[in-house]
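Here is a short report on one predicted model. Please keep the sequence and the 3D view at hand while reading.

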Amino acid sequence: MKYRKFKADYLFDGTELRDRNAVLIAGSEGEIIDLVDLENAGDGIQSFKGILSPGFVNAHCHLELSHLKNAIPEKTGLVEFVYKVVTERGYGEEIITDAMRQAEQEMRQSGILAVGDICNNMLSAHLKSLSSLAYYNFIEVSGWHPLVAEARLERSKTLHDDFIKTNLKASIVPHAPYSVSTELWGKIFPFFSHSVVSIHNQETKDEDAFFENGKGHLSDMYIRLGIDNSFYKAPGRRSVATYFEYFKNASSVILVHNTFTLQQDIDYINDKKSSQQLVSFCFCPNANLYIENALPNVSLFQRNNCNVVVGTDSLASNHQLSILEELKTLSKNFPEIPTESLLQWATLNGAKALQMDNTLGSFEKGKKPGIILIKNADERKIDAKSFVERIL
């Protein structure tokens, strides 16, 4: 077997940021052979300026919305954003497919190796079946009025089965607490057992208001969309408390956005989750700024030792699909968070959340996590001038 050897100013192995004395040895197909000290590495070492890292994991994306890049105004709030996404569907299949192809190429070039992708149709399946990226496909279900629950379940089951037939990983998941009726929750929660699931969580402050007192802009959204909301009675609880127990049998739960999540929500989750369950909090900061012009209290999750992961959301709500750009925004707004933590969120934590850590996320023997180089990371810091180069 032909080996390649790499070292850099710093090497991030998935959990630890090492100095220039660490040498990574990889096989010709990218499999990790060993990680050794420089004095034991021998000759033929390629040396780089920057940080060597495993490839990034994009824990939350909507590839199928790539055609909406620059189509939706920024900072109008979640309700207006959702209304635009739902109502602007006049695009041909060829346009959508071409936009997805370009977006995937962008992800690959920016060092992404794996993607947790939200799916509402089969348009991305063929592209994914041929892709070098690893996808976990979240078959998204929504349906606020109780009368549509059965039809929405059947549609999602068909879509899920079609993805599985294409040899793609897939799970049936809810869109958001405010778009899934109690009746629909009752029909879909059996499918969560031993699966990876995700849900958009507390992306807007109106979400908690809607469940606490039935007020806020979410009620207006149903009126605009022509959905009868007269059956709804607010349960008088924060959003997380209305749905999290439905996930009790899921093996991995990814809560996405968490822009308005509080300590009491984290405490509730910690109290309710099972001992064998991994709960991850996914941040998509550039999308949060694009839609709500707000950021989650990231330091709160750091202090609570949460399993944090990173996503890009979609090109409808972001200017690019780059995990490094998300890390730049996090580093700029939360400078107290170490680079080591940011990189773990973007690699090993994401791989664990998608149950891909047997092959991705860290430089461990036998894995094929990809090798990327983060350049212009002076003093181990990711900032505006940093950029990614794929090494292997």
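The sections below cover a sheet, its strands and a helix.

## A four-strand parallel sheet

The model is predicted. In it, four strands make up an open sheet, with parallel pairing. Their order is E10-E11-E12-E13. Strand E10 (196–201) and strand E13 (307–310) form the edges. Each has a single partner strand, so one side of each lacks a neighbour in the sheet. From one strand to the next, the twist averages 30°.

## Strand E12 and its partners

Strand E12 covers residues 278–283. Is E12 enclosed by the rest of the structure, or open? Five of its six residues are buried, so E12 is largely enclosed by the rest of the structure.

E12 runs parallel to E13, and four bridges join the two. Cys282 stands opposite Val309 in E13. Phe281 has Val308 of E13 as its bridge partner.

Strand E11 (residues 252–257) also runs parallel to E12. Five bridges link this pair. Ser252 of E11 faces Leu278 in E12 across the pairing.

## The crossover from E11 to E12

A helix takes part in this connection too. Helix H9 spans residues 263–272. Together, E11, H9 and E12 make a β-α-β unit. Its hand is right-handed.

## Helix H4: length and faces

Helix H4 runs over residues 149–165, 17 residues in all. How far apart should its ends be? At 1.5 Å a residue, H4 should span 24 Å. The end C-alpha atoms are 24 Å apart, so the model agrees with the expected span.

Six residues of H4 are listed as buried: Ala149, Leu153, Ser156, Leu159, His160 and Phe163. They cover an arc of only 135° around the axis, which puts them on the same side of H4. On the other side, Ala151 and Lys165 are exposed. Here exposed means over 50% relative accessible area, and buried means under 20%.

## What H4 packs against

Which elements meet the buried residues of H4? Three are strands: E7 (112–119), E8 (134–141) and E9 (169–174). Two are helices: H3 (125–129) and H5 (182–188).

After H4 comes Asn167. Its phi is positive, near 65°.

Technical notes:
Residues are numbered from 1 along each chain as its sequence is written. This is a predicted model: local features need pLDDT of at least 70, side-chain atom pairs count only at pLDDT 80 or more; totals for chains, interfaces and linings use all residues. Side-chain values use heavy atoms; hydrogens and water are left out. Two strands pair if DSSP finds at least two bridges between them. Axes are lines fitted to C-alpha atoms, for helices over the stretch in contact, and angles run from 0 to 180 degrees between N-to-C directions. Buried means under 20% relative accessible area, exposed over 50%, partly exposed in between (1.4 Å probe, protein chains only). A crossover is right-handed if, with the strands pointing away from the viewer, the path from the first strand over the helix to the second runs clockwise. The expected span of a helix is 1.5 Å times one less than its number of residues. The arc is that of the directions from the helix axis to the C-beta atoms. Contact means heavy atoms within 4.5 Å.
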